[in-house]
Amino acid sequence: MKKIAVFTSGGDAPGMNACIRAVVRAGLHYNMEVLGIKRGYQGMIEGDFVELNSRSVGNIIQRGGTMLGSARSDEFRTAEGRKKAYDQLKKYGVDGVVAIGGDGTFTGAKIFMEEYGDIAFVGAPGTIDNDLFGTDYTIGYDTAINTAMEAIDKIKDTADAHDRLFFVEVMGRDAGFIAMRTGIATGAEAVLVPETKTYIDDLVASLERNAARNKMSNIIVVAEGDDEGGAFEIAKKVKERIDVFDVKVTILGHIQRGGRPTCMDRVLSSRLGIAAVEALAAGEKGIMVGQRHKNINYVPFEKAIKHNQRLSPYLEDIARILSI
Ligand code: F6P
């Protein structure tokens, strides 16, 4: 393994820069040449590669976003696009690739390797959604939940001042990890996640009990992929059933994707970046490196991406017990 490349793909996540930095410096430590690929798979197809050295990744560990840029590439979904990417990797003499991204990134890497097995791909779990199996946490998740928590705390202040019912929507695509932890951390009256069916009538009954004891300030945290829809849809359904509340809706949106990574995310990203390089050096391919119970874990791509990551039941118990 003499020359490797690193790229970031899919939704960016705080900590991706720390991971890129670790990949570059670990690669150099193990006497490899390291290339950066700009803009994910699309940059791979276009040959948008850049040589990286230790100084290239100086002063980025604390920065959100990704110095390499990210993108979603429809062209890479085609055999022709993947052939172009393969030709570029061969032209640059790349032996191995570190893919920092989420399930879409690893799905693409898996298909690519089925077609071109002579270039090894190893993944690092870079997504705020925390929905990859084989790692306790993904890069960016800790930062995103702290960002969302601070935002919801602020909403709680004004909800309390005006005795309002707020529906706050958080990201997660079709997973409820961000919603569950931020809902618990902010003392939300209810947390609605895709993993557990939402019953609007039960939610209304709970709100009616609160109104009966004059508890008019309420926070409902809604994961964007909830089975009953996002925050606006759910607020509408609730208002059709009960009209005693002054109802507001806030969509946190992409602020959850930015910001300076937390200490936990910087250290996790650094560890996983090194682990990915060491996996390539050891001849591994087609796996994601993860951290499970403080140990580095190799997970085949197909296992990491199949939504095998389950919401911890104890978290749902906490949310239910403490939301009375
Ligand atoms: O996968 C990360 C994520 O932030 C999801 O939580 C969200 O649904 C999606 O990306 C948003 O994608 P985009 O940035 O393309 O709108």
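## The shell around the ligand

In this predicted model, the residues surrounding the ligand sort into 2 nonpolar, 3 polar and 5 charged. If you would like to find them in the structure, look for Arg72, Thr127, Ile128, Asp129, Met171, Gly172, Arg173, Glu224, His254 and Arg257.

Which parts of the chain supply this shell? Domain 1 (3-140 + 261-306) and domain 2 (142-257) each contribute at least three residues to it.

## Polar partners of the ligand

Let's go through some of the atoms that face the ligand. Glu224 places a polar side-chain atom 2.6 Å from an oxygen atom of the ligand. For His254, an N or O atom of the side chain is 3.0 Å from a ligand oxygen. Arg173 takes part through its backbone: a polar atom there is 3.4 Å from an oxygen atom of the ligand.

How much of the ligand does the protein cover? Taken on its own, the ligand has 400 Å² of accessible area, and the protein covers 76% of that.

## Two domains in one chain

Now for the wider layout. The domain assignment divides the chain into domain 1, made of 3-140 + 261-306, and domain 2, made of 142-257. Domain 1 is thus written as two stretches of sequence, while domain 2 is given as one. Measuring tools in your viewer should be set to C-alpha atoms for the next value: the centres of the two domains are 34 Å apart.

## Where the domains meet

How many residues are in contact across the boundary? On the domain 1 side there are 15, and they touch 14 residues of domain 2. Together the two domains bury about 1,200 Å² between them, with 47% of this on carbon and sulfur atoms.

The interface of domain 1 and domain 2 holds 1 salt bridge. A salt bridge joins the side chains of Asp12 and Arg257, with 2.9 Å from N to O. Arg257 is also one of the residues around the ligand, a handy landmark when you move between the two sites on screen.

Polar contacts cross the boundary too: 7 residue pairs are found there, with both partners at pLDDT 80 or more. On the side of domain 1 that touches domain 2, the residues comprise 6 nonpolar, 4 polar and 5 charged.

How values were computed:
Residues numbered from 1 in each chain as written. Predicted model: local features only at pLDDT ≥ 70, side-chain atom pairs only at ≥ 80, totals over all residues. Heavy atoms only, no water. Domains from an automatic or database assignment. Contact = heavy atoms within 4.5 Å. Buried area = accessible area lost by both parts, 1.4 Å probe. Salt bridge = Lys/Arg side-chain N within 4 Å of Asp/Glu carboxyl O. Polar contact = N/O pair within 3.5 Å; in protein donor to acceptor, adjacent residues only side chain to side chain. Nonpolar A, V, L, I, M, F, W, Y, C, P; charged D, E, K, R; others polar. Near = heavy atom within 4 Å. Areas by Shrake-Rupley, 256 points an atom, 1.4 Å probe, with all protein chains shown as cover.
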